[in-house]
Every structure is written in C-alpha cells, then in structure tokens.
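Visitor: I'd like a close look at one part of this protein, and I'd rather go slowly than tour everything. Could you pick up from the picture below?

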Amino acid sequence: SQAADPVARAPSHDVMPSHGFLVPDPPPPPVEFVRAKQEARAKSKPPGTHRSSRMAHWGPREHNALRHGCSEAVTYDVTIDDARVVHERWIATEKFDGIRAVWDPAHADGPGFRTRSGSHFVPPASFAALLPPDMMLDGELWAGRRNFSAVGSLVGSKSLDGGRWHGTAWQHLTYVVFDAPRAGGGYLERIERARLRLQSLKSDRVVMAPTMPVASTAAKEALLEKVISAGGEGLVLRLASAPWRVGKDGRNVLKLKQWLDAEAVVLDNRPAPEASKLPTVVLRALNAPHM
C-alpha cells in the first residue's frame with residue numbers, strides 16, 4: 001500500500017505539554033493544498049515509481065557546511081561534556097527538525113535563505129516582510145514536531161499551480177531563529193540582539209528559539225526528556241561566551257539526542273535494488289522471539 005503523504009499529517013498539538021521552552025507547532029496546511037500537491041506528484045511520477053528522498057535536492061547536510069559559511073554542532077559526549085556542563089555556562093535550545101536556513105538580506109541574488117549546502121531561495125514577499133532587512137539570522141524552517149518531511153513540500157511550492165499556493169504554504173512554516181552570526185559577541189549577546197530586533201517585527205511565524213541555562217547533567221536530562229515527550233528531536237547546547245564560528249567550533253556547540261539501541265544478529269544481506277540505492281542487511285533482535 002502507498003504511504004500517506006507526510007504533508008497531510010497534522011502536527012502533534014495534543015502531545016505538547018505546557019512549557020515555556022517549547023515553540024508551538026505551526027498549523028497544518030489546508031486540505032486543498034495537500035490535495036493539489038498529491039495530484040502534482042501523481043502527474044510527475046508514473047504509478048509504482050520509487051520516489052527518492054523528498055529532501056535530497058537540498059544537498060548534503062554536512063559536506064558543504066564549512067564552504068557555505070554555516071556553523072555546525074558536534075555530538076554530545078558524556079565522557080567529555082558532562083563535566084563541562086557543570087563548570088561552564090551553557091545555554092540549551094530545542095533541536096528543531098527542519099531545513100537549516102540562514103536569512104541573508106544582503107545576498108547577491110537578493111534577500112533570501114541560504115542552506116548549509118549553498119542553495120539560495122527567496123520566500124514569498126509576505127514572509128520576507130517578517131524578517132529584518134539589516135540582520136543576518138541563523139535558524140530552521142520548521143513545520144512542527146514529527147513533521148520533517150512536510151517542510152520540503154511547503155518550501156518548494158512555488159511551481160505548484162503556477163505559484164497559487166506559494167504564499168499559503170509558507171503560512172504553515174515557522175522560522176525558528178537560534179543565532180545571529182554577524183551580531184558580534186558571545187552567544188548570549190548575539191541572541192539578545194536578535195531578540196530585540198525581532199520584537200519590532202512582531203510575528204508568530206518568525207520566532208526566537210526559547211533558551212534555558214543548563215548547569216547540571218540532571219537539568220540537561222530533564223530538559224531533553226521534556227522535548228522528547230513533546231515529539232521533538234533533541235537539544236542543542238551552546239557555550240554562552242562562545243563567538244560565532246564557521247564549521248565545527250571545537251566543542252562549543254553540542255547536539256544531544258536520545259538514542260535507542262539493542263543487540264541483534266545479522267542473518268543475511270541483500271544487494272541494492274538499483275545503482276543509486278544502498279544494500280541492506282536482515283537482522284534479528286536478540287530480545288525478539290525466534291521465528
């Protein structure tokens with residue numbers, strides 16, 4: 001059976017607890033938009049044709065980040081970073097699962113968003129009007145928790161029905177800002193400048209990522225649990241005094257997720273069905289019943 005279109009899934013409002021650290025999910029797109037998108041896909045691909053990753057055209061997530069002037073987080077390591085959380089000043093934000101997008105009002109091709117792979121795209125004028133014309137911002141275009149696959153459909157709606165849905169689609173995205181690369185100073189100074197700048201624009205579609213100081217491993221784990229319980233992906237921790245840097249800035253920006261693992265036995269391997277696909281392995285979890 002054919003998988004349901006991810007755009008059609010409503011964000012998880014019902015599982016989001018009341019807590020100031022969490023940004024509300026944007027509203028789901030109207031059913032008319034979802035239907036138009038589904039019809040356009042059906043016309044562009046013959047029935048039964050495998051569809052590659054919806055986000056593939058945004059380019060590699062890691063490979064070009066340094067080249068295109070993006071900062072990167074490294075994975076939290078308890079053997080190194082637990083002690084640092086206790087003895088240094090760290091600030092946590094939620095890790096939003098969307099399209100990483102740098103708002104560049106001075107881009108040579110016009111004000112727009114730049115991805116970590118170098119793609120440049122211009123939002124609808126109604127959305128661009130919500131962004132500062134004089135400050136670069138770093139953030140995530142986000143369609144809500146557990147709704148990552150919808151982001152590309154909403155962002156890439158310019159050609160749908162001759163652009164009819166472009167402005168409407170972007171009304172169902174939130175740009176969550178977590179840094180201001182050229183604002184100067186340490187992380188706390190930069191986000192405060194960005195916060196003050198965005199206050200004058202007053203929009204619920206361009207918001208600052210709420211921050212929370214983390215001074216212990218227990219506080220870190222409790223905050224992570226709140227995000228996971230709401231359907232989020234994890235946390236990003238930033239050293240409060242760290243200046244903005246391109247690429248991986250030592251261990252001053254850390255990403256933290258909850259990982260579920262289990263031991264398994266490899267039973268078989270299967271070659272890739274197509275040259276562009278990866279081979280697969282067949283596993284049996286050791287805690288699963290024998291078949």
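What pLDDT does the protein average, and what share of the residues score at least 70? After that, please walk me through the open sheet of five strands.

Guide: Sure. Keep in mind that this is a predicted model. The average pLDDT for the protein is 81, and 76% of the residues reach at least 70. Two stretches are worth flagging before we zoom in. Over residues 1-19 the pLDDT stays under 50, and the model has 42 contacts beyond four places in sequence for them. Residues 49-62 also stay under 50, with 30 such contacts in the model.

Now, the sheet. Its five strands run in the order 2-13-11-3-10, the sheet is open, and the pairing is mixed. At the edges sit strand 2 (74-75) and strand 10 (212-214), each of which pairs on one side only. Further in, strand 3 (residues 90-95) lines up with strand 11 (residues 234-239): these two pair in the antiparallel sense, over six bridges. If you want one spot to click on there, try Trp-90, which stands opposite Leu-239 in strand 11.

While you have the viewer open, here's a side stop at strand 14, which covers residues 264-270 and includes Val-266. Val-266 counts as exposed because its relative accessibility is 56%, the cut-off for exposed being over 50%. Together with Val-281 and Leu-283, Val-266 makes a nonpolar surface patch of about 290 Å².

Methods:
Residues are numbered from 1 along each chain as its sequence is written. This is a predicted model: local features need pLDDT of at least 70, side-chain atom pairs count only at pLDDT 80 or more; totals for chains, interfaces and linings use all residues. Side-chain values use heavy atoms; hydrogens and water are left out. pLDDT is the predictor's confidence in each residue, from 0 to 100. Contact means heavy atoms within 4.5 Å. Patches are made of residues with over 30% relative accessible area and no salt bridge: like charges are joined within 9 Å, nonpolar side chains (Val, Leu, Ile, Met, Phe, Trp, Tyr) within 5 Å. Accessible areas come from the Shrake-Rupley method with a 1.4 Å probe; for residues, only the protein chains shown count as cover. A salt bridge is a side-chain nitrogen of Lys or Arg within 4 Å of a carboxyl oxygen of Asp or Glu. Helices (H or I, at least four residues) and strands (E, at least two) are DSSP runs, numbered from the N terminus. Buried means under 20% relative accessible area, exposed over 50%, partly exposed in between (1.4 Å probe, protein chains only). Two strands pair if DSSP finds at least two bridges between them.
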